[in-house]
Amino acid sequence: VKIAIVGTGSVGQTLGKRWSALGHSVCFGTRNPAEARVQQLVSETGHGASAATVADAVRPAEVVVLAVPYDAVEQTLRGAGELSGKVLIDATNPVVMGADLLRRGLLIGHDTSGGEEVARLAPGARVVKALNTVGATVMAAPQNGSDRAVLFYCGDDGSSKQTVAQLLGELGFDPVDCGPLSTSRLLEPVGMLWIALAFGGRGPHFAFKMMSVGA
Ligand SMILES: NC(=O)c1ccc[n+]([C@@H]2O[C@H](COP(=O)([O-])OP(=O)(O)OC[C@H]3O[C@@H](n4cnc5c(N)ncnc54)[C@H](OP(=O)(O)O)[C@@H]3O)[C@@H](O)[C@H]2O)c1
């Protein structure tokens, strides 16, 4: 799969390295492809990965991963070029990172969500909310023996969700379809729960698990 990873922070780096190693064609979309830090990331990633401006990375991509801070989403999508028809994985959480993170919590919710706002800003994109409910440490290694971390996702387009579930499964997750994109209103609080536990003393090395009972 041709994947554009937009944002070269913790999430972008982790996903880009992993999907690249799994044989996918990864291009990092970044504000500054020439930056030494970005070039270093490209060489560490290997497997033919590259870096380009966000618009140049997005153009040939089948799947685009949005991994920028929430307050940079609007500007990033406006500069991303044509996203119509592409699978757009929204990994963001509508929070402001920093000392106030836990006190402020989610910036929006109840009657909309980050996922729905992303869809509004990227008309025609097939938005799938995913990868917002665990930390980047979990994305790096979502398995513990045969146990797989659950990864909730949602979206309005069935075939896009199949593509995303396949990509999540390859990473080692147990992907769970949670329904339409409006379910982002529930998945973003789950992301906030993971953040609250991680920052509240548990640290980042844990994940949620789905299991069958009473069957
Ligand atoms: N960290 C986690 O464990 C985690 C887990 C799940 C979801 N998320 C969500 O995923 C998104 C990315 O998280 P992250 O931890 O990877 O963030 P991060 O480390 O801060 O990196 C974000 C990247 O976004 C790009 N960017 C574009 N516009 C920006 C701006 N105005 N200011 C700062 N960076 C900008 C930058 O890449 P370039 O310089 O290359 O453009 C930057 O490296 C966030 O929305 C976060 O809520 C994070």
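Colleague: What makes a contact in this chain, and how many of those with a separation of 6 or more join residues 24 or more positions apart?

Modeller: In this predicted model, a contact means heavy atoms within 4.5 Å. Of the contacts with a separation of 6 or more, 68% are between residues 24 or more positions apart. Residues are numbered from 1 along each chain as its sequence is written, and side-chain values use heavy atoms, without hydrogens and water. Local features need pLDDT of at least 70 and side-chain atom pairs 80 or more, while totals for chains, interfaces and linings use all residues.

Colleague: How do you know whether the radius of gyration agrees with a compact globule?

Modeller: The radius is taken over C-alpha atoms, and the globule rule is 2.2 Å times the number of residues to the power 0.38. For 215 residues that gives a value near 17 Å; the chain has 16 Å, so the two agree. The C-alpha atoms fill a box of roughly 50 × 40 × 40 Å along the principal axes.

Colleague: Why is helix α6 called mostly covered?

Modeller: Helices are DSSP runs of H or I with at least four residues, strands are E runs of at least two, and both are numbered from the N terminus. The chain has nine helices and 10 strands. Buried means under 20% relative accessible area, with a 1.4 Å probe and protein chains only. In α6 (residues 114–121), six of the eight residues are buried, which fits "mostly covered". They are Gly114, Gly115, Glu116, Glu117, Val118 and Leu121, and they pack against β4 (63–66), α4, β5 (87–90), β6 (126–129) and α9. Over the whole chain, 49% of the 215 residues are buried.

Colleague: What makes a space a pocket, and which residues lie nearest the centre of the largest one?

Modeller: On a 1 Å grid over the protein atoms alone, a pocket is an open set of points where a 1.4 Å probe fits, with protein on both sides within 12 Å along at least five of seven lines; lining residues have an atom within 4 Å of a point. The largest pocket holds about 1000 Å³. Its lining has 43 residues, with Val11, Ala67, Val68, Pro69 and Met97 nearest the centre. Helix α9 gives the most to this lining, five residues.

Colleague: Which pocket comes second, and what volume does it have?

Modeller: The second largest pocket has a volume of about 220 Å³. Of its 15 lining residues, Ala141, Pro142, Gln143, Asn144 and Ala207 are closest to its centre. Elements α7, β7 (143–144) and β8 (147–148) each supply at least two residues of that lining.

Definitions and conventions
Grid points are joined across faces, edges and corners, and a volume is the space filled by probe spheres set on the points. Buried means under 20% relative accessible area, exposed over 50%, partly exposed in between (1.4 Å probe, protein chains only).
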